[in-house]
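Subject: Structure for you to look at

Hello,

Here is the structure I said I would pass on. Please open it first, then read the notes below with it on your screen.

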Amino acid sequence: MTNYGYYTGSLFVRELERLKEEYNQLNLDDMKVMMTEDILLLEKAMNMLCRNKAHEIEKTI
């Protein structure tokens with residue numbers, strides 16, 4: 001059985017790091033606002049993924 005949760009989680013981490021690096025290199029205020037929103041959305045998605053994994057683990061115990 002393939003563990004898709006781990007694969008998806010690592011993709012979120014890589015994308016979050018990429019967005020943070022892009023954010024640091026931007027100079028335009030509007031672009032920084034958009035990037036901040038993207039980063040916050042990814043962090044929320046990562047938190048949801050972690051909560052779902054914890055819930056799945058609790059089900060198996």
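How many residues apart in helix H1 are Glu-15 and Arg-18? They are 3 residues apart, and because both sit in helix H1 (residues 4-25), that spacing is about one helical turn. Before you go further, note that the model is predicted.

**The chain as a whole**

The chain has 61 residues, and 13% of them count as buried. Its fold contains 2 helices and 0 strands. The accessible surface is about 5,300 Å², and carbon and sulfur atoms account for 58% of that.

**Salt bridges**

The structure has 3 salt bridges.

Start with the pair from the opening question. Glu-15 and Arg-18 form a salt bridge in which the closest N and O atoms are 2.4 Å apart. Glu-15 has a relative accessibility of 29% and so counts as partly exposed. Arg-18 is also partly exposed, at 37%.

Arg-18 has a salt bridge with Glu-22 as well, with 2.1 Å from N to O. Here the two residues are 4 residues apart in helix H1, again about one turn of the helix. Glu-22 is partly exposed, with a relative accessibility of 33%. Put together, Glu-15, Arg-18 and Glu-22 make up a network of salt bridges.

Next, find Glu-43 and Lys-20, whose side chains form a salt bridge with an N to O distance of 3.9 Å. Which helices does this pair tie together? Glu-43 belongs to helix H2 (residues 29-60) and Lys-20 to helix H1, so the salt bridge links parts that lie 23 residues apart in sequence. Glu-43 is partly exposed at 28% relative accessible area, and Lys-20 is partly exposed at 31%.

**The nonpolar core**

Now turn to the buried side chains. In soluble globular proteins, nonpolar side chains tend to be buried together. Which residues form the largest nonpolar core in this model? There are 6 residues in it: Leu-16, Leu-19, Met-35, Ile-39, Leu-42 and Met-46. H1 and H2 are the elements that each give two or more residues to this core. The largest share comes from H2, with 4 residues.

Leu-42 is a useful residue to click on. What does Leu-42 touch, leaving out residues up to four places away in sequence? The contacts are Phe-12, Glu-15, Leu-16 and Leu-19. Two names on that list should be familiar: Leu-16 and Leu-19 are core residues along with Leu-42. Glu-15 has also come up before, as the salt-bridge partner of Arg-18.

**A nonpolar patch on the surface**

Some nonpolar side chains are found on the surface. Leu-28, Met-31 and Met-34 form a nonpolar patch there, and together they have about 280 Å² of accessible area. Of these residues, look at Met-31, which is located in helix H2. Is Met-31 buried, partly exposed or exposed? Its relative accessible area is 31%, so Met-31 is partly exposed.

**What to keep in mind**

As you turn the model, locate the network of Glu-15, Arg-18 and Glu-22, then the pair of Glu-43 and Lys-20 that ties helix H2 to helix H1. After that, find the core to which both H1 and H2 give residues, and finish with the patch of Leu-28, Met-31 and Met-34.

Regards

Definitions and conventions
Residues numbered from 1 in each chain as written. Predicted model: local features only at pLDDT ≥ 70, side-chain atom pairs only at ≥ 80, totals over all residues. Heavy atoms only, no water. Buried < 20%, exposed > 50% of the residue type's maximum accessible area, 1.4 Å probe, protein only. Areas by Shrake-Rupley, 256 points an atom, 1.4 Å probe, with all protein chains shown as cover. Salt bridge = Lys/Arg side-chain N within 4 Å of Asp/Glu carboxyl O. Patch = residues over 30% accessible without salt bridge, like charges linked within 9 Å, V, L, I, M, F, W, Y side chains within 5 Å. Core = buried A, V, L, I, M, F, W, Y, C linked by side-chain atoms within 4.5 Å. Contact = heavy atoms within 4.5 Å.
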